[in-house]
Each structure stands twice: as C-alpha cells, then as structure tokens.
Amino acid sequence: MSAYQNLIAGQWAPSATGRTFENRNPADVDDLVGTFPESSADDVAAAVVAARAAQPAWAAMPAPKRGDVLYRAANLLEARADAVAREMTREEGKTLPEAKGEVGRAINILRYYGGEGARLYGRVIPSERDRVFMHTLRTPLGVIGAITPWNFPIAIPAWKSCPALISGNAVVLKPSELAPLCATRLAEILVEAGLPAGVLNVVHGSGEAGSALVAHEQVRAISFTGSEATGSKVADVCGKRRARVQLEMGGKNPTIVLADADLDEAAGIVLNAAFGSTGQRCTATSRAIVERSVADAFSEKLVTKAKAMKVGPGLEAGIDVGPSINAAHADRVVTEVAAAAGAGAQVLAGGTRLTDGALGRGHFVAPTVLGGVTPTMTIAQEEVFGPVAAVLSADDFEHALAIANDVRFGLSATICTRSLSHALQFAQRIEAGLVMVNLPSAGVEYQVAFGGSKASSLGPREQGPEAIDFYTTLKTVYMKY
Ligand code: UN1
C-alpha cells in the first residue's frame, strides 16, 4: 500500500488538512490500491497560485520546445506501459488488454499534441486597406481546470492536459477519487520529462475540491467529463463567472441494425460496444434498434455471445468483462434492469450480480441483454453506464432513425448495413457527434474531434486539432507598414 500525494508547485505534498481517502480494487475490495489526499478549497487555491506563477514562463517557451516535453513523456510512459496498465486494472477494473489499449492511447495523445507545438497556426488575412498586414495569433488562456472521470483514468487526463499544455496554459487537474492513481503516474512522468514546476498541478479529492476548482475566479476555463448532473452545475458556475466551459457527459447511444446487415458481425459490434469496459463508457451502445424482420435472429446471436463472455478480475488472463467501479454502481445497474423487467422488458441474459467464490469480493454484474424494450421505457431513455444492452425493434430505416433520435442525448451512434444510401442518410440525420458505420459506437481515435450534441456535450470539441480551440484565444494583429 502506498500513500500518494498532491502535486503543487512541483512538490508532492499531502492535503493541507492531512485528510486522506482510500482507493480499493473494484475486483477485490481487500486489495487497497493506495491512499490519496482529500483536498479542500485551500489546496485548490494553492495549486492555482502555483499555476498562475508558472504559466507566463511556460507560455514564453517556444511551442515546439513545449512539445519536446510531451515527446519525452510519451517515451517514458511507453517504457512503463505495462506497469501503468496493471495499476489501471487494479484501480478501475477494466481488463488488462483494455488497460494496455488505453495506455497506448495516452502515449499517442502525448506524441500527437507534442507535434501540435509546431502547428499552432494562425492565419494571414488580406486587408482592405493599403499596406496593412493582418494576422491572427493563438494565445493561451492562463490557468485551466480539468476534472476527469474514473472510466478512462489516464487517457482523459492526457487528452485534456496535453492540448492545454501545448497551447501554453498551466493546468490544475482534479482526477476522479474513484481512480486517482493513473493521473498521478501521468503527472510524475511529465515532471520527469522536464515540465517546469507549477505548470501541471494535481489536486486529489472529491466534490469539495472539484467545486472549489470550478468556482475559482482565476481558473479561466474548465474542461469536465462526468455525469450530466455535475456537468450542469459546472456550466452554471462557469456561466456566472464567465469562464470558458467544455462538458462531456452522458450518452444513450444507439446501434441500428438493418435487415441487410451481416447479423453475426452486427451482434459482435453491439457486444463490443455494450460490454467492453463493462459498459462504463459514455460512448457505449445501450440500445440496439433492430429491423423487425431480423430482430429475433439478431437477439439470439447477441444473447449467445453475451452468455459466453467471461466475467472476472481484469488482471486474470481470458477475462472479457471486469467489475463495475463500486458496489453502489453495480447495485444501481441491477436495480435499473429489474425496473425494466417490471416495466415489461424480458431479461434474455444476465440481469444479476455475480458473487460466487472470489467474485464475491468484487462488484461484478453479468452482461445483460434485455428484449422487448419499447422507446418510452426508462431503460431506453436513461444512461445505465453498465453492461446492459436493450434490444428494440423498428419497422424500417425511418422508424429506427426516429427511435434513435428520440432521446435527450446525442453522443455516438452506429448503423450496421450494407446500404451506402442508408449509411449516408444516417450520417446526415442522426443527432450525434460521433457517427459510426459498421463499427462499434465506442473506441474513438485521438487525432479526430470528439464530442456530442444535445445533452451529451457542451462547448468545443475535445481531441484532434480542434481541441486546441478550447484552450486558446485568438489575437488579431493589424500592422501598417
Ligand atoms: C471511447 O469510447 O473510446 O468518458 C472513449 C467516456 C468518453 C470517452 C470514450 N469521454 O466514456
């Protein structure tokens, strides 16, 4: 067991009060991953002071040189990838191959934004006046607050911090208290790679620290990924104090399966998107909307595949589905499944917690398939964030599209079809920020824009070159010569 600390002004230190919280392995509650500082507004304030002090010199460094720091960090993380992946599985529960994939993504993000240091382009714009030269410069905002969730414990801290840092900002990162270790590793690596003291600060803790960060007058922007309820509060506070805000929240992502699709492949796509990462992805598929003529055949294939999945501790070889993040969450998932059954859905697979033998020490839920779900049921409208796929049937493409769009959320959406016409119509008419054709709704790439529509997201996109827009502001320069 280890006692981890906050990173403030280049120093690792406990919280001002000395309070701590524990983090335990969701696959085995007897396994204590570590203790972490339970930070208060005082710790956040100290981190903001450090960030403000460090930011001007960091911004003055040539951007490609800032990029060198990220490149070195990528190499360090690559050298430690296996160890960090194991720690991720211990703190978050996802399977080791999933954790390795995520660490690989963080390495790519570090390199990609390292490269952006040489590409922080402005524009040259023709003036209507004689001998006036106009151009735009990208300038950093100052201090950025990043609040990250537990389900991607290194990739999301990386994809918020890296574009913020390469743009010349300083960052105060508040990782989720449910998976705080990987963010700590990322910070250690950036420090080792030569990031100057105070440019990245990590403040551990829960809502108290998060709220203080969001409310801090000197934090110019907040990038938040997490629940819709918390995101709404973040937006309210940032709106009042005119801070820039970027929110990534829930999804109720559909996979439409048309009758012309390869049903076996479609079932595999839904299986991957619904049960991968234990369904704990905002991009997970939670609704399979299937053309009625093939609904039974599709359900049968999905149920067979779901029942064959091996549930267990993610560090063990051959495991397909790890635990839910904690007991309360696992309980909530089975409660919502039971409510759906009460409302008329059929539980075709799973639906229960798994507690036999060693599984009893963790928070395991069987991969669950619900049949006979109708669009107005709560299970078809609200995010579950667990290994639950609801199968709905639709008359045809138009009906499926209408059902797909009839939810508050609009993050990711998939269609399985051989029809180019339906695929292109889907891309144009689906209310979602991420559109997939014959691919799982989850599993995004770092070099393209990420984000949703409707209640899923607010503000500019994350990832890809567009991520820089959130972390910079334009200066327009007019010069008479
Ligand atoms: C993915 O599907 O690869 O919190 C990423 C989430 C999203 C990231 C999903 N912000 O689940």
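How many cavities of 30 Å³ or more does a search of the whole structure find? The search finds three.

This is a predicted model, in which local features need pLDDT of at least 70, side-chain atom pairs count only at pLDDT 80 or more, and totals for chains, interfaces and linings use all residues. Residues are numbered from 1 along each chain as its sequence is written, and side-chain values use heavy atoms, with hydrogens and water left out.

**View 1. The shell around the ligand.** The ligand is surrounded by 13 residues (each with a heavy atom within 4 Å of it). Arg105, Asn151, Cys282, Thr283 and Gly443 are the closest. By class, the shell holds seven nonpolar, four polar and two charged residues. Gly counts as polar and Cys as nonpolar here. Domain 1 (2–249 + 456–480) and domain 2 (253–437) each supply at least three shell residues. These bounds come from an automatic or database domain assignment.

**View 2. Polar contacts to the ligand.** A polar contact is a pair of N or O atoms within 3.5 Å. Thr283 places a polar side-chain atom 2.5 Å from a ligand oxygen atom. Cys282 uses a backbone N or O atom, 2.6 Å from an oxygen atom of the ligand. For Asn151, a polar side-chain atom lies 3.0 Å from a ligand oxygen atom. Taken alone, the ligand exposes 320 Å² (Shrake-Rupley method, 1.4 Å probe), and the protein buries 99% of that.

**View 3. The largest cavity.** A cavity is a set of points, on a 1 Å grid over the protein atoms alone, where a 1.4 Å probe fits but cannot get out. The largest cavity is the space taken by the ligand (more than half of the ligand atoms lie within 2 Å of its grid points). Its volume, the space filled by probe spheres set on the points, is about 90 Å³. It has 13 lining residues (an atom within 4 Å of a point). Phe152, Trp159, Cys282, Thr283 and Phe450 lie nearest its centre. The lining has six nonpolar, three polar and four charged residues.

**View 4. The second largest cavity.** This cavity holds about 70 Å³ of space. It is lined by 14 residues, and Gly279, Ala284, Ser286, Glu383 and Phe385 are the closest to its centre. Its lining divides into six nonpolar, six polar and two charged residues.

Technical notes: A polar contact is a pair of N or O atoms within 3.5 Å; within protein, one must be able to donate a hydrogen and the other to accept it, and residues adjacent in sequence count only if both atoms are side-chain atoms. On a 1 Å grid over the protein atoms alone, a cavity is a set of points where a 1.4 Å probe fits but cannot get out, and a pocket is an open set with protein on both sides within 12 Å along at least five of seven lines; lining residues have an atom within 4 Å of a point.
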